Amino acid sequence: MTNTINPVIPYIEGDGIGPEIWQATKKVVDAAVNSAYQGTRKIDWLEILAGGKAYNQTGTWLPDATLEAIREHKIAIKGPLTTPIGEGFRSLNVTLRQELDLYACVRPVRYFKGVPSPLKEPEKTDMTIFRENTEDVYAGIEFAKDSSEVQALLAFLTDKLSVTKVRFPETTALGIKPISQAGSQRLIAAALDYALEQGKTGVTLVHKGNIMKFTEGGFKNWGYDYIEKNYSQAFTMNQFKQLSAKGGKEKAEAALAEAQAAGKIIVDDVIADNFLQQILLYPEKYQVVATTNLNGDYISDALAAQVGGIGIAPGANINYKTGHAIFEATHGTAPDIAGNGWANPCSLLLSATMLLDHLGWFEASQLITQAIEQALETHLMTHDFAQMLKIDALSTDAFAEQLVRFVTK
Ligand code: NAD
């Protein structure tokens, strides 16, 4: 991706509905880039293989050449991939994230007028999730019931650590949840940097530290510690608590008011279960959210549902230090509708706008966002939304053609 006018960007078409939404996305992105820059910039798309197409053509699900191409070109975009079924197969998505150490899963969630939502005021939901992407129970350290590994681990826990709390040792499976200071802090730093860049005034650390004090509680404590040492533009509710304990609540309130008046980012924390009810009751309270891997998985889908579902939820997996990033549809391969022309391309297309923003091609990105706003507001939509509203649907391709008209007009 060295050429800034004509960058080479690898893409993985994906399985199931992947080819349909990719064709739609490519069409709209190319039209928007052409329209925004009058033909002076152009993306040179490079197909790379993963998933079913890779397996059929090369006999492997994730060829080395695919990882090499992403390493070389730094960024890529991908459709959904089938997770091969069978023992020993890891999700291709998890493998890509771990191989490239894409530690931040970034998911902006906003409402588009016209989209059916279960909320009365879905427009109040407007936040960006930073989900830690490499640690937690996703590290894949899990052992089956009756395995020799479980027996060895149980013996170690009992003999060396005097653990007596495994309720049914005879029939238990075990998993390990690694959460580190380094992993937590780099993710939280990414969330703070994003908040600063975007002029946001709130960052919330979401954790389950009341129960898992060292892992989830560590995430929160290391986060506060890092922010207080490194971000003079932030004020934390941890500082508020300390001031309150030392000098009384009034002093703390005054410091908070001063920080707010100075436009500082206010950093607080919320326990994950409470957060899931807060986002339904008071979504407007949250702007940028940093959280651990499993919490982030649940939260992202819950938030996506609030604004219309996974068909319109974009995402990016980013390593801010190496610059590697994969922009991707957050949904799966939707085998139930593949080939019907029912697929909504918005998730992949909005992920492409994140890619364009990443390139600094904001004009093209905005053209696409505006086109989607215009289409959905006037109820030009694919089957998923149209069926809920009991209106006629556009096929994936016709929807893309409509967006092309909007971006070129
Ligand atoms: P799914 O996301 O594919 O489908 C869930 C439901 O949402 C289905 O009813 C589907 O029709 C609908 N849906 C999803 N995307 C849509 C879109 N763009 N437009 C309209 N409707 C859409 O989840 P699943 O059925 O649990 O998984 C199917 C396969 O996808 C599995 O192999 C799974 O491992 C894989 N998967 C891949 C990813 C990824 O590549 N990032 C993510 C999740 C699941």
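**Pairing, Burial and Salt Bridges in a Predicted Model**

Biologist: Which residue of strand 13 is the bridge partner of Ala 76?
Modeller: The model discussed here is predicted. Strand 3 and strand 13 (residues 325–329) run parallel and are joined by 4 bridges. Within strand 13, the residue bridged to Ala 76 is Ile 326.

Biologist: Are the two faces of strand 3 covered or uncovered?
Modeller: In a regular strand, side chains point to the two faces of the sheet by turns. On one side of strand 3 are Ile 75 and Ile 77, and on the other are Ala 76 and Lys 78. These residues are all buried, and both faces of strand 3 are therefore, with buried meaning under 20% relative accessible area, covered.

Biologist: Which residue of strand 3 is the bridge partner of Tyr 11?
Modeller: Strand 1 (residues 8–12) pairs with strand 3 (residues 75–78) in the parallel sense, over 2 bridges. In strand 3, the residue bridged to Tyr 11 is Ile 77.

Biologist: In what order do the 11 strands of the open sheet stand?
Modeller: Strands of a sheet are held in pairs by backbone hydrogen bonds, in a parallel or an antiparallel sense. In this open sheet of 11 strands the pairing is mixed. The order is 2-1-3-13-12-4-5-11-8-10-9.

Biologist: Which strands stand at the edges, each with a single partner strand?
Modeller: An edge strand has a single partner strand, so one of its sides has no neighbour in the sheet. From one strand to the next, the twist averages 25 degrees. The strands at the edges are strand 2 (44–47) and strand 9 (234–236).

Biologist: At about what angle to strand 8 does helix 7 run?
Modeller: Helix 7 (residues 216–230) lies across several strands, among them strand 10 (265–271) and strand 11. Strand 8 (202–207) is also crossed, and the angle of helix 7 to strand 8 is about 155 degrees.

Biologist: Why is strand 4 described as largely enclosed by the rest of the structure?
Modeller: Strand 4 is joined to strand 5 by 7 bridges, and the two run antiparallel. Strand 4 is also antiparallel to strand 12 (residues 314–318), with 3 bridges between them. Strand 4 is called largely enclosed because, of its 7 residues, the number buried is 5.

Biologist: Which residues stand opposite Pro 108 in strand 5 and Cys 105 in strand 12?
Modeller: Pro 108 has its bridge partner in strand 5, and that partner is Thr 128. Cys 105 faces a residue of strand 12, namely Asn 317.

Biologist: How many residues apart in sequence are the parts tied together by Lys 113 and Glu 377?
Modeller: Side chains of opposite charge can form a pair when their charged atoms come close. Here the side chains of Lys 113 and Glu 377 form a salt bridge, with an N to O distance of 3.9 Å. Lys 113 belongs to the loop between strand 4 (104–110) and strand 5 (126–132), while Glu 377 belongs to helix 13 (residues 362–377), so the parts tied together are separated in sequence by 264 residues.

Biologist: Does Lys 113 count as exposed or buried?
Modeller: The relative accessibility of Lys 113 is 56%. The cut-off for this class is over 50%. Lys 113 therefore counts as exposed.

Biologist: How far apart are the closest N and O atoms of Glu 216 and Lys 177?
Modeller: Glu 216 and Lys 177 are both buried. Their side chains form a salt bridge, and the closest N and O atoms are apart by 2.7 Å.

Biologist: How many salt bridges does the count come to?
Modeller: One of the salt bridges is between Lys 145 and Asp 146, with the closest N and O atoms 3.0 Å apart. The count of salt bridges comes to 19.

Biologist: Which residues make the nonpolar surface patch of about 310 Å²?
Modeller: One member lies in the loop between helix 10 (272–281) and strand 11 (288–291), and this is Tyr 282. Tyr 282 is partly exposed, at 41% relative accessibility. The patch is made by Leu 280, Leu 281 and Tyr 282.

Biologist: What distance separates the C-alpha atoms of Arg 405 and Ala 31?
Modeller: Arg 405 is part of helix 15 (residues 396–408), and its relative accessible area of 47% makes it partly exposed. Along the chain, Arg 405 and Ala 31 are 374 residues apart, yet their C-alpha atoms are separated by 8.8 Å.

How values were computed: Residues are numbered from 1 along each chain as its sequence is written. This is a predicted model: local features need pLDDT of at least 70, side-chain atom pairs count only at pLDDT 80 or more; totals for chains, interfaces and linings use all residues. Side-chain values use heavy atoms; hydrogens and water are left out. Patches are made of residues with over 30% relative accessible area and no salt bridge: like charges are joined within 9 Å, nonpolar side chains (Val, Leu, Ile, Met, Phe, Trp, Tyr) within 5 Å. Accessible areas come from the Shrake-Rupley method with a 1.4 Å probe; for residues, only the protein chains shown count as cover. A salt bridge is a side-chain nitrogen of Lys or Arg within 4 Å of a carboxyl oxygen of Asp or Glu. Buried means under 20% relative accessible area, exposed over 50%, partly exposed in between (1.4 Å probe, protein chains only). Two strands pair if DSSP finds at least two bridges between them. Axes are lines fitted to C-alpha atoms, for helices over the stretch in contact, and angles run from 0 to 180 degrees between N-to-C directions. Contact means heavy atoms within 4.5 Å.
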